2 protein chains.
Amino acid sequence: MLTDRQLFILQAIVDDYIQSAEPVGSRSLSKQSGMSYSPATLRNEMADLEEMGFLEKPHSSSGRIPSERGYRHYVDHLLLPHQLSNREIHDLRSLFARRVMETEQVVKQSATILSELTSYASIVLGPEIFESKMKQVQIIPLNDRTAVAILVTDTGHVENHTVSLPEALNSSDLEKIANILNDRLRGVPLYQLQNKITTEVAGLLRQHISSYREALLFTEETLQKSSEEKVYYGGKANLLSQPEFRDVDKVRMIFELLEEDHTMHELLKPEQGGLMIRIGQENANQAFEDCSIISASYSFNGNPVGTISIVGPTRMEYPRVIGLIEHLSRDLSKVLTNLYTDRS
Amino acid sequence: MLTDRQLFILQAIVDDYIQSAEPVGSRSLSKQSGMSYSPATLRNEMADLEEMGFLEKPHSSSGRIPSERGYRHYVDHLLLPHQLSNREIHDLRSLFARRVMETEQVVKQSATILSELTSYASIVLGPEIFESKMKQVQIIPLNDRTAVAILVTDTGHVENHTVSLPEALNSSDLEKIANILNDRLRGVPLYQLQNKITTEVAGLLRQHISSYREALLFTEETLQKSSEEKVYYGGKANLLSQPEFRDVDKVRMIFELLEEDHTMHELLKPEQGGLMIRIGQENANQAFEDCSIISASYSFNGNPVGTISIVGPTRMEYPRVIGLIEHLSRDLSKVLTNLYTDRS
DNA sequence: TTTAGCACTCGGATATCCGGAGTGCTAACA
DNA sequence: TGTTAGCACTCCGGATATCCGAGTGCTAAA
């Protein structure tokens, strides 16, 4: 469909435009090193490429810029794998350098580093804990009416909240409850907890605790999942340096969307796994019509549990961003799996 | 120094400008309800107020806007206490409605609600845990080489991180370590932990654990404070709706600063307690020269432990924002103290 | 002391002009 | 037949000119 020469020219135009943010004309394109055609020849080819929908003109007498279809073709067929620089590799590796770590910290830092390296905005979804299994429950009374409930999963995730203590339960009741929970629920995936409570735990509570109703209610509060999606952002301000986002109103829509954690989670949550690239309108969302989003999932034991993403203008440095994101998602998966999987 | 009439006029001008964002001229001012002077009279007074530095003109033949000094005088002497609307009170109260809660959630939500009510940006610093006291330590092995360390404070704060298990320590060692820590460190303020470890815990470890060096190192890792300041933002995008922030470059500086959690923490950390208002240049920081920041600390047991703040243009609705912030900081203090203080 | 009148100022919106980079087309060329 | 040079044309963007109106300061009258 496209001749080799047309492909070559398309690639040169996209590369040039990504780099300069200016429409590229036949004259300047022909001066580019490695380009051995005269402006007139290029004009002909460019006209053809435009007719086929790979290029467009901002106005009738200006140079060409890639259309969304042009970018799409570029990432699907013309993308040369990008070799990460030492600096980049070093920065990414520094994430995992510490011996002591908290997954949340690592994930948060990932967002920051990714945005610094790319100078776009980054969004990282923290690992889903939905499928991970209960390891231990702890109820720690703080005073006569408040306690902290702690739930630890096999993935090292620690969930905690403050619960108020019903007067009807004394400290030996609490101990009994904790014992029952640990006994019955160890190894149960979090999404089944609620279920198990009604089917198994409730009966035991009734047997062993006099204030049964309070105990059951309290148990449910204790294990209530905080549910909240963890979404971390890095370098949103970077977007403001991009020439395509000089317009405050346009950028406001983007920023407003970027503050809706829930929507962003829906948009980016890990699905099939692997790499996802959405260019311009491909993001169903109106606010992102001039943006591209590249995202990759990271996994735990082979199951995708979270994603790391980059948001930038459609005129994005695709090769570099893809290289970085793929690298980081691999590293994250490796570290998570290494840390929390039994070697045996 | 200022006549009553001048004060009255200054107030009217500030109120008008806060509301309209347009320089206010003598003609329109005189039409304002409650204003019984002719434009000419107002012109004279306004000229005087300008000479004294309370007003300024964007250019020689335009209406007046308040100078920073004008705003300062306004907040110091002219501020009428603002009565919160039902809607506002209701929204604020909803924060504390749940029975089960996590302090972090409440604090995060505070930022969101505050920004929604004000349509400025809000910044909330999570409670300092520096002074709170150790309640319990838990070491939970996940597999043969990784464990989760959990530290609970008397303020219900749960700190946790993943630590790698030295081969030299077996599970009975871990138990011993945990026992020693709980025995010796209960009630010790977090900022003294490091100290206590070297003076008291080290000796005990040497006595009871054969692999003493590994045990000590491990202990230190376990109790390492995550140190990280908790800073939550709400409604940054709101700033983009303010007419004074139409300029992307100006707003970029602000947003970049707002992403530096550490700097913001320094800027806003609770000091004397009480209300702080910084207008324009009073924020030493260049990026905030067109902003005002209002912040109030909230406290636990009378000690200020965190702050809630609003960032907006110098043309800010001071009365309303101050009302909201004071109300919320009082509520937060009350709830925190109620939850985590022994009633006895 | 307050007010009306008036000449003056200046920003912002609108219209006009102009240069330059770029295009499409045609005709000459290898 | 594909490539290139030449040329007339287009259109953006910046610079300049013009105009309008809201607002001011000043003076003089009430």
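Trainee: How many residues of domain 1 of chain A are in contact with domain 2 of chain A?

Mentor: Eight residues of domain 1 of chain A are in contact with 14 residues of domain 2 of chain A, where contact means heavy atoms within 4.5 Å. Before we go on, this is a predicted model, where local features need pLDDT of at least 70, side-chain atom pairs count only at pLDDT 80 or more, and totals for chains, interfaces and linings use all residues, while side-chain values use heavy atoms and leave out hydrogens and water. Residues are numbered from 1 along each chain as its sequence is written, and chains are lettered from A and ligands numbered from 1 in the order in which they are written.

Trainee: Okay, where do the domains of chain A run?

Mentor: Domain bounds come from an automatic or database domain assignment. In chain A, domain 1 covers 4–78, domain 2 is made of 86–127 + 230–340, and domain 3 spans 134–223. Take the centres over C-alpha atoms, and domain 1 of chain A sits 29 Å from domain 2 of chain A.

Trainee: On to the DNA! Which residues come nearest to DNA strand C?

Mentor: A residue is near a strand if one of its heavy atoms lies within 4 Å of it. DNA strand C has 18 residues around it, and A:S26, A:R64, B:T41, B:S60 and B:S61 come nearest. Now flip to the DNA side: of the strand C atoms within 4 Å of the protein, 76% are sugar or phosphate and the rest belong to bases.

Trainee: What does the side chain of B:R5 do at DNA strand C?

Mentor: Look for polar contacts, meaning pairs of N or O atoms within 3.5 Å (within protein, one must be able to donate a hydrogen and the other to accept it, and residues adjacent in sequence count only if both atoms are side-chain atoms). An N or O atom in the side chain of B:R5 is 3.0 Å from a phosphate oxygen of strand C. For the side chain of A:K57, the distance to a phosphate oxygen of this strand is 3.4 Å. B:S61 goes for a base instead: a polar side-chain atom of this serine lies 2.6 Å from a base oxygen of strand C.

Trainee: Which element gives the largest share of the surface near DNA strand C?

Mentor: Helices (H or I, at least four residues) and strands (E, at least two) are DSSP runs, numbered from the N terminus. Helix 3 of chain B gives the largest share near strand C, with four residues. By class, this surface has two nonpolar, 11 polar and five charged residues; here Ala, Val, Leu, Ile, Met, Phe, Trp, Tyr, Cys and Pro count as nonpolar, Asp, Glu, Lys and Arg as charged, and the others, Gly among them, as polar.

Trainee: And which residues are closest to DNA strand D?

Mentor: Strand D is surrounded by 18 residues, with A:R5, A:T41, A:S60, A:S61 and B:S26 the closest. Check its bases: A:S61 puts a polar side-chain atom 2.5 Å from a base oxygen, and A:R43 has one 3.1 Å from a base oxygen. At the backbone, the side chain of B:S26 has an N or O atom 2.7 Å from a phosphate oxygen. Of the strand D atoms within 4 Å of the protein, 75% belong to sugar or phosphate.

Trainee: Which helix gives the largest share of the surface near DNA strand D?

Mentor: That's helix 3 of chain A, with four residues. Helix 3 of chain B also supplies at least two. Sorted by class, the surface near strand D has two nonpolar, 11 polar and five charged residues.
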